[in-house]
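Here are my notes after going through the model, set out as numbered points. Have the structure open while you read.

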Amino acid sequence: LDLAPAPLNVLLVWEPPRKGQLYVMGIDVSTGTGLDYSVIDVTRVGTVREPDEQVAQFVTNTIDELDLAYIIDPVGRLFAGRDGQPAMAAIECNGMGLSTQNELQRHIGYTNLFIWQYLDAVEGHQFTTRYGWYTNQRSRPIMLQRYVHAIKTLDPRTGTPDYRVNSPHTIAELADFQTPGPLWMAEATNGAHDDCIMAGAIGVHVAQTLQYDARETVHEA
């Protein structure tokens, strides 16, 4: 894998859209002022034959939160799924992402948005009335643990990880993603970033949630 600096403000694609698949966009939003990065990370949802895989990514530090919606829209429609919907957009809405999501939904008319779920519900996945992903003290540990576990876990037969990372941006961030203790405390070292990791982790969590509900059965495969 070429680890040379990857370009910004272009859509990097490692696998073009495929018929019969489902796709998720994990989206981390910044202000576009040259500090943190906004990231659109596209994950192909795994099946009984293939693992989850990072298939495309868009990284920028110059596009503001409203204009980012006009990048998300065509990327999501490019990676339309077998359900006839554009890729599911899971936007982190703790900060600027709420403005992005509002623009995407109300001004552009994007229809496939992630609905926030109670992660500690007694009976399975309990949906709320809110769109978007919300990183908090409960969801961050679960999200990061699932992400790291998927990267590190290898299929004993094929040697393939449960989640395949392809982006040089993400790989570079993983090298500087450290923790003084438990995994949930991990963050970028001084001067580094973790925006690609967070967008990818949102995508993996949502993709693996979708697998429970929409994954093809062994019989169908």
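1. Let me begin with Leu-78, which comes out as partly exposed, with a relative accessibility of 44%. Keep in mind throughout that this is a predicted model. Leu-78 belongs to helix α1. Setting aside neighbours within four places in sequence, Leu-78 makes contact with Leu-11 and Pro-17. There is also a C-alpha separation of 9.0 Å between Leu-78 and Pro-16, although their positions lie 62 residues apart along the chain.

2. Staying in α1, have a look at Arg-77 and Asp-73. They form a salt bridge whose closest N and O atoms are 2.7 Å apart. Both sit in helix α1 (residues 65-78), with a spacing of 4 residues, or about one turn of the helix. The two ends of the pair fall into separate classes of exposure: Arg-77 is partly exposed at 41% relative accessible area, while Asp-73 counts as buried at 15%.

3. Elsewhere, salt bridges with shared partners link Glu-15, Arg-18, Arg-44, Glu-50, Glu-53 and Arg-164 into one network. The count for the model comes to 7 salt bridges. One of them pairs Arg-18 with Glu-50, with 2.8 Å between the closest N and O atoms. Arg-18 is in the loop between β1 and β2 (23-28) and Glu-50 in the loop between β3 and β4, so this pair ties together parts that are 32 residues apart in sequence. Both partners are partly exposed, Arg-18 at 28% and Glu-50 at 26%.

4. Glu-50 has a further salt-bridge partner in Arg-44, where the closest N and O atoms are 3.9 Å apart. Buried or partly exposed, then, for Arg-44? Arg-44 counts as buried, at 1% relative accessibility. I'd look at this residue side by side with Glu-50, which is partly exposed at 26%.

5. Which strand is largely enclosed by the rest of the structure? That would be β4 (residues 52-60): 9 of its 9 residues are buried, so the rest of the structure largely encloses it. β4 pairs with strand β3 (residues 38-44) in the antiparallel sense, over 7 bridges. Strand β1 (residues 11-13) also runs antiparallel to β4, joined by 3 bridges. With strand β8 (residues 163-164) the pairing is parallel, over 2 bridges.

6. If you want to check the register, Ala-56 is a handy place to do it. In β4, Ala-56 is the bridge partner of Val-13, and Val-42 stands opposite Ala-56 as well. For the parallel pairing, use Asp-52, which stands opposite Tyr-163 in β8.

7. On to the nonpolar packing. In soluble globular proteins, nonpolar side chains tend to be buried together. Here the largest nonpolar core has 46 residues, and Met-25 and Ile-27 have the most contacts inside it. The elements giving two or more residues to this core are β2, β3, β4, α1, β5 (88-91), α3 and α5 (195-214). Of these, α5 gives the most, with 8 residues.

8. Met-25 deserves a close-up. Beyond its neighbours within four places in sequence, Met-25 is in contact with residues including Ile-40, Val-42, Ile-72, Val-75, Met-88, Ala-89 and Tyr-110. Its contacts also include Asp-41 and Gly-76. Apart from the largest core there is another one, of 5 residues, and Tyr-37, Val-39, Val-59 and Cys-196 are among them.

9. Helix α3 (residues 139-152) looks regular in length: its 14 residues reach 20 Å from the first C-alpha to the last, close to the 20 Å expected at 1.5 Å a residue. Its buried residues are Ser-139, Arg-140, Pro-141, Met-143, Leu-144, Tyr-147 and Ala-150. Note that Arg-140 is on that list.

10. Last, Thr-160, in the loop between α3 and β8. Why does Thr-160 count as buried? Because its relative accessible area is 18%, and the cut-off for buried is under 20%. The side chains of Thr-160 and Thr-158 are joined by a polar contact of 3.1 Å. Not counting residues up to four places away in sequence, Thr-160 touches Pro-51, Thr-153, Leu-154 and Asp-155.

Terms used: Residues numbered from 1 in each chain as written. Predicted model: local features only at pLDDT ≥ 70, side-chain atom pairs only at ≥ 80, totals over all residues. Heavy atoms only, no water. Expected span 1.5 Å × (residues − 1). Buried < 20%, exposed > 50% of the residue type's maximum accessible area, 1.4 Å probe, protein only. Pairing = 2+ DSSP bridges. Polar contact = N/O pair within 3.5 Å; in protein donor to acceptor, adjacent residues only side chain to side chain. Contact = heavy atoms within 4.5 Å. Salt bridge = Lys/Arg side-chain N within 4 Å of Asp/Glu carboxyl O. Core = buried A, V, L, I, M, F, W, Y, C linked by side-chain atoms within 4.5 Å.
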